[in-house]
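Colleague: I am new to this one. Please show it to me, and then let us go through the ligand and the spaces in the protein.

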Amino acid sequence: MPEDTKKTFPKDFLWGASTSAHQVEGGNHNDWTVWERAYAAELAKSAASRLSHIPLWPEIKTRAQDPDNYISGRGVEHYKRFEEDFDIAKNLNFNAFRFGIEWSRIEPEEGQWDQEALDHYRRYIEQLKKRGLEPVVNLWHYSLPVWFAKKGGFKHRKNLRYFDRYVGLIAKEYGHLLTHVITINEPNVYATFGYLTRERLTVQWPPQEKNAVSFGRVYWNLTQAHRRAYKILKAAHPKLQVGIADQLANIQAKRPHNQLDELTTKSMRYFWNWWFLQRIRKEQDFVGFNYYFTDYYTKLGQLQNPKLPLNDLGWYMEPEGLYPLLLRVWARYKRPIIVAENGVADAHDQYRRWWIEETIVAMERAISEGVDVRGYFHWSLLDNFEWAYGWWPKFGLVAVDRENGMKRTVRASAKWFGEKIGKIS
Ligand code: BGC
């Protein structure tokens, strides 16, 4: 790392990792746990047809064909072991931590608040702060209380009042302890996988509606859910910094200067990256986004990425694509930026260090050109439940052995990252 890197990142830059409640806590009861039980057998049965093309298939096939892989179950017991996990984060020189509050724990039945859960997240936030880890809380990350899902979730505008009420409670309970709040994680991914996608089960999530009208309603209602949450949070605590974590891709034309490819690229950028952000542009103190993908488009919306390098999920990896994306986000919104998630599924830890190093360079370049990047949260601190793929993808800086007492082992790339942050900050 060049000497100057130290000067590039602001002193109060947020360095951390990100988690979401349902993926790590264990013992949840929400629309996802219901869906997992209903579809585990089918997901296991169809694993070969969905996944045998990925490089890691020979290694993961036993796991991917076992229904148990698709059950979040005990998670990685983060709900119980959070203090141990915070100690690990602290030892990696982090000064911040992004986590989710599980709505279904706070309000397991309509209108009934669970005091144990409320106390839990208070302790959770206090323990982060005690260690000098700035809590960056995310209010909703895909999973819904079962009662809310039964009412149609975000499909009906009238249901937004339930989300408002939950947000109001969080503001009242924890607002004074926080500086940054993310309202919603990846509305574009949620609306697409839950309501639009038709082809493979891996990218169909609850409630699997496959209906373009429902998709449109959910996507629109989520813009309203965010705008209302923003107002509620700011009214309660004007100093809170509020934003979302959208999923943005570095979308590029396969054949630069080819008119059709350029047109496709522009439309894809608009629909995937900007449509949502545009609608909430006045209600965000920072632009939060998750970066995983550089995608090359050609002809009429055809995705044509280079064949290598691929991560364990078969996703094409181009970490440096964060740089042009940061420039573009900055040019459009001129708001502070937080990279709210970024990482790789990499069971053998062969790419993660390279990925992080390239990512730091990408941020460094953007900052040196005047882009106001305020924080970076690696996905994820721990190996976790990767939604419809289940347990085999390994995104953690820290490996978790679920067969052996949930033992945590810090991966080599994480040690390297921790030392790097120590030198930079
Ligand atoms: C989501 C995470 C997920 C990660 C890796 C993001 O889209 O917010 O929940 O685990 O990507 O797929």
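Modeller: An N or O atom in the side chain of W387 lies 2.8 Å from an oxygen atom of the ligand, a polar contact in the sense of a pair of N or O atoms within 3.5 Å. This is a predicted model, in which local features need pLDDT of at least 70 and side-chain atom pairs count only at pLDDT 80 or more, while totals for chains, interfaces and linings use all residues. Residues are numbered from 1 along each chain as its sequence is written, and side-chain values use heavy atoms, with hydrogens and water left out.

Colleague: How much of the ligand's accessible area does the protein cover?

Modeller: Accessible areas come from the Shrake-Rupley method with a 1.4 Å probe. On its own the ligand has 310 Å² of accessible area. The share covered by the protein is 95%.

Colleague: Which residues come nearest to the ligand?

Modeller: A residue counts as near if one of its heavy atoms lies within 4 Å. The shell around the ligand holds 6 nonpolar, 4 polar and 3 charged residues; here Ala, Val, Leu, Ile, Met, Phe, Trp, Tyr, Cys and Pro count as nonpolar, Asp, Glu, Lys and Arg as charged, and the others, Gly among them, as polar. Of the 13 residues around the ligand, those that come nearest are Q23, H141, E186, E386 and W387.

Colleague: How far is the polar side-chain atom of H141 from an oxygen atom of the ligand?

Modeller: Y292 also has a side-chain N or O atom facing a ligand oxygen atom, at 3.4 Å. For the polar side-chain atom of H141, the distance to an oxygen atom of the ligand is 2.8 Å.

Colleague: Which space does the ligand take?

Modeller: On a 1 Å grid over the protein atoms alone, a pocket is an open set of points with protein on both sides within 12 Å along at least five of seven lines. A molecule sits in one if more than half of its atoms lie within 2 Å of its grid points. The ligand takes the space of the largest pocket.

Colleague: What volume does the largest pocket have?

Modeller: Lining residues have an atom within 4 Å of a point, and there are 48 of them here, with F193, V203, W272, F293 and D295 nearest the centre. They divide into 29 nonpolar, 11 polar and 8 charged. A volume is the space filled by probe spheres set on the points, and for the largest pocket this is about 1,500 Å³.

Colleague: Which residues lie closest to the centre of the second largest pocket?

Modeller: The second largest pocket has a volume of about 210 Å³. Its lining has 14 residues, and the closest to its centre are D31, A149, K150, P206 and P207.

Colleague: How many cavities of 30 Å³ or more are there?

Modeller: A cavity is a set of grid points where a 1.4 Å probe fits but cannot get out. The largest has a volume of about 50 Å³, and the second largest about 40 Å³. The count is 2.

Colleague: Which elements each supply at least two residues of the lining of the largest cavity?

Modeller: Residues of that lining include A21, H22, L139 and W140. By class, the lining has 5 nonpolar, 4 polar and 1 charged. Helices (H or I, at least four residues) and strands (E, at least two) are DSSP runs, numbered from the N terminus. The elements are helix 2 (21-24) and strand 3 (134-140).

Notes
A polar contact is a pair of N or O atoms within 3.5 Å; within protein, one must be able to donate a hydrogen and the other to accept it, and residues adjacent in sequence count only if both atoms are side-chain atoms.
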